[in-house]
Each structure stands twice: as structure tokens, then as C-alpha cells.
Amino acid sequence: MFDIIGDIHGFHDELVRLLLKLGYQKGERSWQHPERKALFVGDYIDRGPKIPETLSLVRTMVENDQAIALLGNHELNAILFNEKAKEGGYLRSHSLKNFNQHSETILQFNRLEDGQAIYNDYIEWFKSLPIYFENDQFRAVHATWHQASIKELKAFEHRFASDPNFILNAGNKEHPLYSITENLLKGVEKKLPHGLHFFDKDGHKRHEMRIKWWNNPVGTPIEDYGFGADLSEYKGKMASDFVDENWHYADSKPVFFGHYWLKGTPTLQTNKVCCLDYSIGKKEKLVAYRFNGEESLNEKNFVYIDYKD
């Protein structure tokens, strides 16, 4: 039995409150539950006030076999931000935009005694985290369970970022691993029609939208297919009029993920698809789903806490 927990983004105290609500207790070595195990879907860093404390809690649970922690896009970004490219510079450029995204993490480690060494050690730990989890009952990934990308990833000898070539290749736009990790950790994106654009939550101009990958583009209105893009001008058009891949998740095995900054009361996308990111990074909710092996997911199994100042 698993408790699957959404993006934390350094909100350690809220994570503690959620674990307590789920029935976990702080043991001698780590937080634990007598009958259950936690699964974290990634994004432990950036934004929140207690990033080192969050990492310590999650890592300790993993190392004591009380949890599984998946790689999120923020952890991959941090790896690439620190990984030098062969041609010079870094695999993730040190632009103002990228530095700003990662700055809170850097600043908090900088305040610690031996903070650089501790930070470096966590970067190495990130490289050991799996990109996805699957057993006989359910699946989990940070952003999108894109079956073609999962299949391609399995074709590589190493599934995990601890292979140094994986890191180099994941940061190389010319290598197939780049698009694979983009799909799985950042979400499948589609170019907006007719040069349209929108501004994301951080004010960045976007010409591509992250899609609701559980919706079949055939029969889905275009305005109901993407996240954050105002396509009301095209109301009445179907998503299939604009996309070249009519793939969507329609498998029988439940899948859990985070990443998408949802708000409001937690709800299922379908009875097989569950997003657990309800924007604790924006001081909204930290959400878990208590999975007990059910084939059809049930909204009664959500457990969450609201942010408190």
C-alpha cells in the first residue's frame, strides 16, 4: 500500500503535517508507517523556505526503505545546471531565467556550514533517482506517462541518471534522450496554432502548450486540451485539428503524477489518472493519494493539507 505524494518544492513543514495526517511517525531513523510506504513524484527543491530540510526528510525515508523518490524536472534541471558541457559552459545555461528558478535552493544551502559540499552531495543523489515507477498495480512519473518515451527509455542500457552519459545526453538537444526526458519530466507539449502564445505562471511567453495527455484529441475541444493557454478564439474546433499525434493515456493501470500546478479541491482526471500537484509551491495545497490496490481510483482517497503562514 502506497501513499503517493505530489510536488513539495521545499515546503518541509507542510510535508510533516501531511505525513502526520497520513499516520506516519518520526522514528529513530526516519519517518515511517507500520503498514504503508510513501512514493514522492519529484520536485523537492526550489521556491519553498526549507529546501535542505525537505531533501533530508525525503532522502532519509528512501535510504531506510520507507519511501521511493522519483526524479522531477527541477532535480534534472539542477543536475544539468551543475554539469559542464564538453564545448564549454553548462548543460543548462546560467541565464537569468534559469538562475532565478534555482536561486532559492542555492541561497539556502549557502547559509549552511559546509553548504557547498552538502549541495554537491544532493546533486549526486538526484542522479540516482528513477525517472518512473511501475509495478503490477500502478504507475508513477513526474509529468507524463508517455508510452512511446517509456519504451524508448527502456531500450537504453541504463534507465537512471546515474550513468554519466545519460546526463550528458539528456542535456543534448540532438540526442533522443533529450526529448524522452522532456516528455516524461516536463510534459508532452504541442505547438499552438497560428502563432498564438500565452504567458505561463512565471510570466514567460510560451508558443507551445502542455497537453492534458489523458484526453483523446479526437472529440476533445481544443480549449479543453491544453494547460494555461487561452484558445477560446478557436472554440468549436477539435484538438485533433491541431495535433499530429492522436495519442492519449487509455491504459487500464492507474497512473499518478505531479507537475501541473493545479488548484482547488483535488479531483481525478479519470478513474485511472491522478495528478497530485496542487501548487504548494504557490502556497496552495500539498496532496497525497492513499492507494490500496484498487483498479478504479476513488476521490475519497485524497488526503491533503492547506498551506498555513
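This is a short talk on one sheet, a few helices and a salt bridge in a single structure.

Okay, hi everyone. Before anything else, keep in mind that what you see is a predicted model.

Let's start with the sheet. It's an open one with 5 strands, and the order across it is β5-β4-β1-β14-β15, with mixed pairing. So which strands stand at the edges? Those are β5, residues 67–69, and β15, residues 302–306. Each has a single partner strand, so one side of each is left without a neighbour in the sheet. And if you compare neighbouring strands here, they're turned by 20° against each other on average, ignoring direction.

A quick bit of background: strands of a sheet pair through backbone hydrogen bonds, and they can do that either parallel or antiparallel. We've got both kinds here, as the word "mixed" tells you.

Take β1, residues 2–5. On one hand, β1 is joined by 4 bridges to β14, residues 285–291, and those two run antiparallel. If you want a spot to click on, Phe 2 has Phe 291 in β14 as its bridge partner. On the other hand, β1 pairs with β4 over 4 bridges in the parallel sense. There, look for Ile 5, which stands opposite Phe 40 in β4.

Moving along, β4 and β5 run parallel as well, joined by 3 bridges. Ala 38 stands opposite Ala 67 in β5. How does the chain get from β4 to β5? It crosses through helix α2, residues 51–63, and this β-α-β crossover is right-handed.

Now, the helices. Helix α1, residues 12–21, lies across β1, β4, β14 and β15, and runs at about 140° to β15. Helix α1 also takes part in a salt bridge: Lys 50 pairs with Asp 13, with the closest N and O atoms 3.1 Å apart. What I like is that this links distant parts of the chain, since Asp 13 sits in helix α1 while Lys 50 is in the loop between β4 and α2, 37 residues apart. In the whole structure, the search finds 15 salt bridges.

Last stop: helix α4, residues 96–110, and helix α5, residues 115–126. Their axes come within 8 Å and cross at roughly 130°, which makes α4 oblique to α5. Who meets whom? From α4 you have His 102, Thr 105, Ile 106 and Phe 109, and from α5 Gly 115, Ile 118, Tyr 119 and Tyr 122. Sorted by class, that contact has 5 nonpolar and 3 polar residues, and no charged ones.

That's my tour, thanks!

Conventions
Residues numbered from 1 in each chain as written. Predicted model: local features only at pLDDT ≥ 70, side-chain atom pairs only at ≥ 80, totals over all residues. Heavy atoms only, no water. Pairing = 2+ DSSP bridges. Axes fitted to C-alpha atoms, helices over the stretch in contact; angles between N-to-C directions. Contact = heavy atoms within 4.5 Å. Parallel < 35°, antiparallel > 145°, perpendicular 65-115°, else oblique. Nonpolar A, V, L, I, M, F, W, Y, C, P; charged D, E, K, R; others polar. Right-handed = clockwise from strand over helix to strand, strands pointing away. Salt bridge = Lys/Arg side-chain N within 4 Å of Asp/Glu carboxyl O.
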